[in-house]
Amino acid sequence: ERQRAIGVGIFNTGSVIGAAVASPLAAFVALHFGWRAAFVFTGVLGLLWLILWLTFYQPPQRNRWLSQKEAAELKFNSEEIAVETPSAKKEMSGWDVFTSRAGFMLVLARFLTDPVIYFVMFWLPAYLEKERGFDLKMVGEYTWIPWAVGGVGYIFGGWLSGRMMRAGWKLGRSRKMAMTVGAAFLPIAIFAPLAPSAVFVIAAMCVVVLGHAIWITNLMTLPTDLCPPGAVAKAAGFSGMGGAIGGALAGWFTG
């Protein structure tokens, strides 16, 4: 349980690394080969990744790169969770997960907070272009910076809650404190339009993405903390659905 959040943080860095690379890469392709080519290029990358995923990813019990010691630790942890979770032996349906207190609160939390990162993702380039005079080349050169900072936030957020548990804090308290630290950064977004230059706007967005990364790393770890093993994927899926719906509605409302 002490390593769950750092694990989530590590794999979440992939999304921000992708976003950081995509901005300059898509701008370069669009400028030199046209905007249609940018869509084709990024789509082909997704298909290539699918091939790599199917080739290399295996569950722990069949993973050829997992050492015997690591496999034993994972088995021990999963058995420990099953013993500690009262409802672990009872199979929960999707409806049971959704209507449970833990499931519903995870959906609500993602519904209310995922729009923060969707806002930065979709509106920052347009804002810099329309209000700060950026052209496509400049957007590609600078909008990757907040995502690079977000990668640091994912790792730090996972490390922070684990560090507090190693210091003697209970699991719930450590997760809540780490999420509070992340949430405290987010109101900085309010000051971005008042910034005297685009440099300060990007800096403000760096702080926002950093805070959201700390927050979401621990929030995405909660399904494994709150739900029995057979319900973790369902809870994570429902919470992601809540985030996507919240992001869609927020994008429409912002526009």
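Colleague: Let's start with Asp-225: does this residue count as buried or exposed?
Modeller: Happy to! This is a predicted model, where local features need pLDDT of at least 70, side-chain atom pairs count only at pLDDT 80 or more, and totals for chains, interfaces and linings use all residues. Residues are numbered from 1 along each chain as its sequence is written, and side-chain values use heavy atoms, with hydrogens and water left out. Because the relative accessibility of Asp-225 is 19%, and buried means under 20% relative accessible area (exposed is over 50%, partly exposed in between; 1.4 Å probe, protein chains only), Asp-225 counts as buried.

Colleague: Which residue meets Asp-225 in a salt bridge?
Modeller: A salt bridge here is a side-chain nitrogen of Lys or Arg within 4 Å of a carboxyl oxygen of Asp or Glu. The N to O distance for Asp-225 and its partner is 2.6 Å. That partner has a relative accessible area of 1%, so the residue is buried: Arg-175.

Colleague: How many residues apart in sequence are the parts that this pair ties together?
Modeller: Helices are DSSP runs of H or I with at least four residues, strands are runs of E with at least two, and both are numbered from the N terminus. Asp-225 lies in helix α9 and Arg-175 in helix α8 (residues 171–185), so the pair ties together parts at a sequence separation of 50 residues.

Colleague: Which residues are joined into one network by salt bridges that share partners?
Modeller: Start from the pair above, in which Asp-225 meets Arg-175. Shared partners make this a network of Arg-175, Asp-225 and Arg-4.

Colleague: What separates Asp-114 and Arg-110 along helix α5?
Modeller: Their side chains meet in a salt bridge of 2.9 Å, N to O, and both residues are buried. Because Asp-114 and Arg-110 are four residues apart in helix α5 (residues 101–131), the separation is about one helical turn.

Colleague: What is the N to O distance in the salt bridge of Glu-141 and Lys-137?
Modeller: This pair is four residues apart in helix α6 (residues 136–142), so about one helical turn separates them. Glu-141 is partly exposed at 35% relative accessibility, and Lys-137 is partly exposed at 47%. For Glu-141 and Lys-137 the N to O distance is 2.5 Å.

Colleague: At what angle do helices α7 and α9 pack?
Modeller: Axes are lines fitted to C-alpha atoms over the stretch in contact, and angles run from 0 to 180 degrees between N-to-C directions. The axes of α7 (residues 144–166) and α9 (residues 198–226) are 7 Å apart, and the angle is about 35°.

Colleague: How many charged residues are in that contact?
Modeller: Contact means heavy atoms within 4.5 Å; Trp-147, Tyr-154 and Phe-156 are among the α7 residues that meet α9, where the partners include Met-205, Leu-210 and Ile-214. Ala, Val, Leu, Ile, Met, Phe, Trp, Tyr, Cys and Pro count as nonpolar, Asp, Glu, Lys and Arg as charged, and the others, Gly among them, as polar. The contact has 14 nonpolar and seven polar residues, while the number of charged ones is zero: there are no charged residues.

Colleague: What is the radius of gyration of the protein?
Modeller: The protein has ten helices and zero strands. The globule rule (2.2 Å times the number of residues to the power 0.38, with the radius taken over C-alpha atoms) gives 18 Å for 255 residues, and the protein comes close to that, so it is as compact as a globular protein of that length, with a radius of gyration of 20 Å.
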